[in-house]
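The following paragraphs lead the reader through a protein structure, from one strand and its partners to the contacts made by side chains. Please keep the sequence and the model in view while reading.

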Amino acid sequence: MATERFEVQREIVAAAAKIFALLCDPNGHVAIDSSGMLQSADGDHVRQVGDEFVVHMDRESLNDYPIGKYDVTVIITRFEQDALIEWTVSGVVEPPIRHLYGYRLEAGATGTLVTSYYDWSQIGEQYRDTGILPVIPEAALRATLGILARTVK
């Protein structure tokens with residue numbers, strides 16, 4: 001696999017604290033999802049590494065694998081208040097794939113420079129040649145940043 005990470009950036013005219021609060025809210029993830037897979041979420045706002053919440057998914061939105069509706073547990077793997085949040089998911093596929101999603105927030109010229117990334121460089125060997133990764137295209141990360149920008153205004 002030549003590329004094992006997507007990373008996109010967008011300057012958003014909002015304070016980092018406001019953006020980060022949305023990213024710590026399980027329902028915030030559903031609200032900004034551009035893939036259509038995230039249907040709803042259950043759980044409390046995350047506050048530290050190890051915190052978890054459940055997301056109810058619908059893979060039919062991607063029309064790639066006939067998984068249908070299923071749940072995943074989002075597990076926070078990195079957390080720096082108002083600066084960085086990263087997670088992996090556990091659920092249908094066992095052992096877990098170990099792909100990572102995250103957001104980095106930095107001061108920008110007119111607000112906050114938000115970097116969204118999707119990293120599958122740490123996946124298990126059994127998943128490397130399956131063709132299931134990346135789950136979402138780079139364009140979906142960029143679209144999600146657009147939805148995030150209009151959501152936090």
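A charge is taken to sit over a ring if NZ of Lys or CZ of Arg is within 6 Å of the ring centre and within 35 degrees of the ring normal. In this structure, which is a predicted model, Arg5 lies over the face of Tyr117, at 4.3 Å from the ring centre. The two strands that carry these residues, β1 (residues 5-12) and β7, pair in the antiparallel sense, and they offer a convenient place to begin.

Strand β7 spans residues 112-119, and 7 of its 8 residues are buried, so that the strand is mostly covered. What pairs with β7 in the antiparallel sense over 8 bridges? One partner is strand β1, and within this pairing Gln9 stands opposite Thr115 of β7. Another is strand β6 (residues 100-107), which also pairs with β7 in the antiparallel sense over 8 bridges. In that second pairing, Tyr103 stands opposite Ser116. Strands β6 and β7 form a hairpin, with 4 residues between them.

Strands β6 and β7 are also joined through aromatic side chains. The structure holds 7 aromatic pairs. One of them is formed by Phe20 and Phe79, whose ring centres are 5.2 Å apart and whose planes make an angle of 70 degrees, an edge-to-face arrangement. This pair links distant parts of the chain: Phe20 belongs to helix α1 (residues 16-23) and Phe79 to strand β4 (residues 69-80), 59 residues apart. Both Phe20 and Phe79 are buried.

Why does the pair of Tyr101 and Tyr118 count as stacked? Their ring centres lie 4.5 Å apart and their planes are at 15 degrees, so the pair is stacked, the cut-off for stacking being planes under 30 degrees apart. Tyr101 lies in strand β6 and Tyr118 in strand β7, 17 residues apart. Tyr101 counts as buried because its relative accessibility is 14%, and Tyr118 counts as buried because its value is 0%; the limit for a buried residue is under 20%. Tyr101 and Tyr118 also belong to a cluster linked by ring pairs, together with Phe6, Trp87, Tyr103 and Trp120.

Charged side chains provide a further set of links. The structure holds 7 salt bridges. In one of them the side chains of Arg128 and Glu4 meet at 2.6 Å, N to O. This bridge links distant parts of the chain, since Arg128 is in the loop between β7 and α3 (138-151) whereas Glu4 is in the segment before β1, 124 residues apart. Glu4 counts as partly exposed because its relative accessibility is 23%.

Arg5, already met over the face of Tyr117, forms a salt bridge with Glu7 at 3.0 Å, N to O. Glu7 has a relative accessibility of 37% and therefore counts as partly exposed, and Arg5, at 33%, counts as partly exposed. Arg5 and Glu7 are linked with Arg104 and Asp119 in a network of salt bridges.

A further salt bridge connects Asp64 and Arg59, with the closest N and O atoms 2.8 Å apart. Is each partner buried or partly exposed? Asp64 counts as partly exposed because its relative accessibility is 35%, whereas Arg59 is buried because its relative accessible area is 7%.

Two other residues complete the tour. Thr88 lies in strand β5 (residues 84-90) and counts as buried because its relative accessibility is 14%. A polar atom of the Thr88 side chain lies 2.8 Å from the backbone oxygen of His99. Not counting residues up to four places away in sequence, Thr88 touches Thr73, Val74, Ile75, Thr77, Arg98, His99 and Leu100.

Gly43, by contrast in setting, is found in the loop between β2 (38-42) and β3 (52-58). Its relative accessibility is 48%, so Gly43 counts as partly exposed. Leaving aside neighbours within four places in sequence, Gly43 is in contact with Pro26 and Phe53. Gly43 and Leu133 are 90 residues apart in sequence and 27 Å apart in space, C-alpha to C-alpha.

Key
Residues numbered from 1 in each chain as written. Predicted model: local features only at pLDDT ≥ 70, side-chain atom pairs only at ≥ 80, totals over all residues. Heavy atoms only, no water. Buried < 20%, exposed > 50% of the residue type's maximum accessible area, 1.4 Å probe, protein only. Pairing = 2+ DSSP bridges. Phe/Tyr/Trp six-rings, centres within 6.5 Å; stacked < 30°, edge-to-face > 60°. Polar contact = N/O pair within 3.5 Å; in protein donor to acceptor, adjacent residues only side chain to side chain. Contact = heavy atoms within 4.5 Å. Salt bridge = Lys/Arg side-chain N within 4 Å of Asp/Glu carboxyl O.
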